[in-house]
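Work through the exercises below with the sequence and the model open. Each task is followed by a solution in steps.

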Amino acid sequence: MVDVSQHELVPEHTVLDDPDRVDEVLAEYNVSKTNLPKIKSSDPALPEDAEVGDVIEIVRDSRTTEQATVYRLVVE
Amino acid sequence: MTEAEYEHVTADIEAVVEDTELPRRLKERIYETIEERGPIPTEQADEIAQATETKYVDTRVDPLDPVGTVSAQSIGEPGTQMTMNTFHYAGVAEIDVTQGLPRLIELVDARKTPDTPMMTVYLDEEYATDRERAHEVVWSIESTKILSLGDVSTNVADMLVQVDLNEETLIERWPTVEDVDVVAAEIAETIEDALGVQTQRSETLIEFGPSEPSYRELLQLVEELRDVVFKGIEEVSRVVIRKETVADGDEEFVLYTEGSAFGDVIEIEGVDASRTTCNNIHEIYRNLGVEAAREAIINETMDTLEEQGLDDVNVRHLMLVSDIMTNRGTIESIGRHGISGSKESVLARAAFEVTVNHLLDAAVHGERDRLDGVIENVIVGKPVAIGTGDVDLRMGSFSAQPSDD
């Protein structure tokens with residue numbers, strides 16, 4: 001199998017496993033977890049230990065600034 | 001932060017620039033400009049930094065700005081200048097690619113397969129610099145059918161299909177196999193499997209016929225034989241190999257394919273699976289995930305606009321479109337079957353397309369409309385919750401007491 005994360009189109013995905021960090025993120029955007037953009041649990045770029053309900057931190061190389069950090073909620 | 005890369009940027013200048021709210025990229029631009037123009041006093045650098053910051057803050061989106069509407073306008077207007085129909089061989093390697101408006105529509109509609117699927121295949125280092133080895137990859141991608149391997153003839157007297165394989169072609173297309181006989185045997189086997197017939201082979205001549213003598217079936221077999229893929233990927237009908245100059249002056253071979261099968265191609269030995277792409281956003285999504293699909297949509301829409309000379313469309317608009325399309329973890333189309341069709345409000349959906357159906361369905365199901373969105377409020381004639389429409393002003397008076405302390 002090809003390592004998908006090595007592809008230049010795929011940004012870095014990491015699971016936010018610290019509940020405090022998740023709360024921080026939600027507080028920063030003033031949203032609830034379900035308001036976050038979603039990512040399917042079958043997504044090939046997802047880290048292996050990600051489970052439904054986890055928040056994934058994605059660090060993109062942005063076109064408009066250096067790096068953009070976004071969050072996605074893992075859904076079925 | 002910037003170390004001693006710049007000769008004319010003193011620590012003081014760096015301090016005033018770093019003190020601004022500017023993003024890294026703009027700070028670097030300031031340093032570069034100062035470096036170019038020669039030494040300047042710190043006060044002047046401060047003025048430059050302040051002016052840049054003012055301009056930067058000024059161009060930021062205000063709260064409650066209708067960014068979606070602005071994006072729609074900003075893509076729509078240049079869209080009117082795009083060619084309606086282009087079927088010329090575009091840009092790279094004489095491969096026909098849909099461009100202009102049809103391509104843009106195809107992208108935002110998130111069609112399952114593009115009109116003209118293609119891949120750009122980059123190769124691993126040892127393959128990318130050696131034409132012979134690059135061709136090895138070409139032959140394992142391009143679908144090889146019987147007509148490119150030899151001559152097919154029908155012998156009506158004996159009810160036989162005769163395939164006379166061209167030895168040179170076999171050697172060329174199976175560079176890793178030494179013996180032509182092995183290749184011919186492999187081909188005979190493929191024919192047997194695909195058509196369900198028994199074959200006789202002597203050297204490079206393969207013969208077979210229908211089980212019952214029937215002229216119709218004989219012709220049928222020939223027809224079927226033409227479609228059998230002996231090597232490569234079925235979806236890829238043609239591969240063009242091109243030598244391209246990369247950033248540091250080196251040259252490498254890049255393959256362009258007509259037809260795409262992204263998942264299969266990245267598994268092939270010699271293909272650089274970190275750079276290879278295709279123009280089918282769904283294939284990108286399936287193999288690389290939503291985030292890659294988001295990037296691909298931005299790249300594709302941007303390239304489409306740029307190709308038409310409309311590169312002054314700000315990339316932020318395309319990013320917004322792409323963000324919305326991938327927001328729910330899959331690729332959704334803009335329009336009735338996608339984003340616009342899944343809006344909460346009945347009135348908003350009805351205002352977009354097929355008005356009566358939406359109103360009827362809503363009535364049947366007893367839907368409610370909370371009148372939260374913009375469109376609903378335009379329809380009912382209330383202020384919209386956007387821009388100044390969302391701000392409540394309260395007039396009143398308060399006593400201006402001088403503070404005691």
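**Exercise 1. Strand pairing in chain A**

In this predicted model, determine in which sense E3(A) and strand E4 (residues 67-75) of chain A pair, and over how many bridges.

Solution.
- Step 1. E3(A) and E4(A) pair in the antiparallel sense, and the pairing counts seven bridges.
- Step 2. To fix the register, take A:Ile58: the residue opposite, in E4(A), is A:Val70.
- Step 3. The connection from E3(A) to E4(A) is a hairpin of five residues.
- Step 4. E3(A), residues 55-61, also pairs with strand E1 (residues 12-16) of chain A; the two run antiparallel and are joined by five bridges.
- Step 5. In that second pairing, A:Leu16 faces A:Val55 of E3(A).

**Exercise 2. The contact between the chains**

Find how many residues chain A and chain B each bring to their contact, and state which element of chain A gives the largest share of its side.

Solution.
- Step 1. Chain A supplies 22 residues and chain B supplies 25 residues.
- Step 2. On the side of chain A, strand E2 (residues 38-40) has the largest share, with three residues.
- Step 3. Sorted by type, the chain A side holds 12 nonpolar, four polar and six charged residues.

**Exercise 3. Nonpolar cores in chain B**

Identify the residues that touch the most other members of the largest nonpolar core, and give the number of residues in this core.

Solution.
- Step 1. The largest nonpolar core has 56 residues.
- Step 2. Those touching the most other members are B:Leu123, B:Ile141, B:Val265, B:Ile281, B:Ile284 and B:Ala293.
- Step 3. Helix H13 (residues 290-307) of chain B gives the most to this core, namely five residues.
- Step 4. Take B:Ile141 as a case: with neighbours within four places in sequence left aside, its contacts include B:Val121, B:Ile233, B:Leu255 and B:Val265.
- Step 5. A second core, separate from this one, has 15 residues, among them B:Leu170, B:Val183, B:Ala188 and B:Leu221.

**Exercise 4. Domains and a helix of chain B**

List the domains assigned to chain B, then decide how many of the 11 residues of helix H16 (residues 355-365) of chain B are buried.

Solution.
- Step 1. The assignment gives domain 1 (11-58), domain 2 (61-116 + 279-341), domain 3 (144-227) and domain 4 (343-390).
- Step 2. Between the C-alpha centres of domain 3 and domain 4 of chain B there are 64 Å.
- Step 3. A residue counts as buried if 20 or more other C-beta atoms lie within 10 Å of its own.
- Step 4. In H16(B) one residue of the 11 is buried, so the helix is hardly covered.
- Step 5. After H16(B) comes B:Gly366, with a positive phi near 60°.

Notes: Residues are numbered from 1 along each chain as its sequence is written. Chains are lettered from A and ligands numbered from 1 in the order in which they are written. This is a predicted model: local features need pLDDT of at least 70, side-chain atom pairs count only at pLDDT 80 or more; totals for chains, interfaces and linings use all residues. A residue is buried if 20 or more other C-beta atoms lie within 10 Å of its own, exposed if 12 or fewer, and partly exposed in between; C-beta atoms are placed from the backbone. Helices (H or I, at least four residues) and strands (E, at least two) are DSSP runs, numbered from the N terminus. Two strands pair if DSSP finds at least two bridges between them. Domain bounds come from an automatic or database domain assignment. Two residues are in contact if their C-beta atoms, placed from the backbone, lie within 7 Å. Ala, Val, Leu, Ile, Met, Phe, Trp, Tyr, Cys and Pro count as nonpolar, Asp, Glu, Lys and Arg as charged, and the others, Gly among them, as polar. A nonpolar core is a set of buried Ala, Val, Leu, Ile, Met, Phe, Trp, Tyr and Cys residues joined through C-beta atoms within 7 Å.
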